[in-house]
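Student: I would like to look closely at one single part of this model and see how the rest of the chain is arranged around that part. Could you go through it slowly, in one connected account?

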Amino acid sequence: MDNRLRELREQMGWSQAALAERLDVSRQTVNALETGKYDPSLPLAFRIAKLFDEPIESVFIHHDP
């Protein structure tokens with residue numbers, strides 16, 4: 001699943017560590033999310049969308065196979 005996490009984080013001027021702190025996850029989790037190595041749990045996806053005041057579909061882009 002693709003996402004706009006890095007773009008949104010950079011627009012806010014936050015480091016990966018700063019975003020991780022706001023989401024109560026590790027910096028490594030933020031990195032894995034941004035690079036597409038990890039898909040978030042549904043609760044985490046909703047927290048991310050709420051933090052950026054974006055619809056979840058705007059942050060996470062699912063491509064049909």
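Tutor: Contact here means heavy atoms within 4.5 Å, and helices (H or I, at least four residues) and strands (E, at least two) are DSSP runs, numbered from the N terminus. The model is predicted, so local features need pLDDT of at least 70 and side-chain atom pairs count only at pLDDT 80 or more, while totals for chains, interfaces and linings use all residues. Residues are numbered from 1 along each chain as its sequence is written, and side-chain values use heavy atoms, with hydrogens and water left out.

The part to follow is helix H1, which spans residues 5–12 and in which Leu 5, Leu 8 and Arg 9 are buried (under 20% relative accessible area, with exposed meaning over 50% and partly exposed in between, for a 1.4 Å probe and protein chains only). Looking down the axis of H1, you find these buried residues within an arc of 100°, so they line one face of the helix; the arc is taken from the directions that lead from the helix axis to the C-beta atoms. This fits a general rule: an α-helix has 3.6 residues a turn, so residues three or four places apart point the same way. The other side of H1 carries Glu 10 and Gln 11, which are exposed.

What, then, covers the buried residues of H1? The cover includes strand S1 (2–3) together with helices H2 (16–23), H3 (27–34), H4 (42–51) and H5 (56–59).

Take Leu 5 as a first example: leaving out residues up to four places away in sequence, Leu 5 touches Leu 19, Leu 33, Glu 34, Ile 48 and Phe 52. Leu 5 also belongs to the largest nonpolar core, a group of 15 residues in which Leu 5, Leu 19, Ile 48, Phe 52 and Val 59 have the most contacts. (Such a core is a set of buried Ala, Val, Leu, Ile, Met, Phe, Trp, Tyr and Cys residues joined through side-chain atoms within 4.5 Å.) H1, H2, H3 and H4 are the elements that give two or more residues to this core, and H4 provides the largest share, four residues.

Arg 9, also in H1, counts as buried at a relative accessibility of 8%. Apart from neighbours within four places in sequence, Arg 9 is in contact with Trp 14, Ser 15, Gln 16, Leu 19, Glu 34 and Phe 52. The side chains of Arg 9 and Glu 34 are joined by a polar contact of 2.5 Å, that is, a pair of N or O atoms within 3.5 Å, where within protein one must be able to donate a hydrogen and the other to accept it, and residues adjacent in sequence count only if both atoms are side-chain atoms.

Two of the helices that cover H1 also meet each other, with Gln 16, Ala 17, Leu 19 and Ala 20 in H2 against Arg 27, Val 30, Asn 31 and Glu 34 in H3. Ala 17 in H2 is partly exposed, with a relative accessible area of 42%.

Finally, just after H1, Gly 13 takes a positive phi of about 75°. Asp 24, in the loop between H2 and H3, has a positive phi of about 60° although it is not a glycine, and Asp 24 counts as exposed at 70% relative accessibility.
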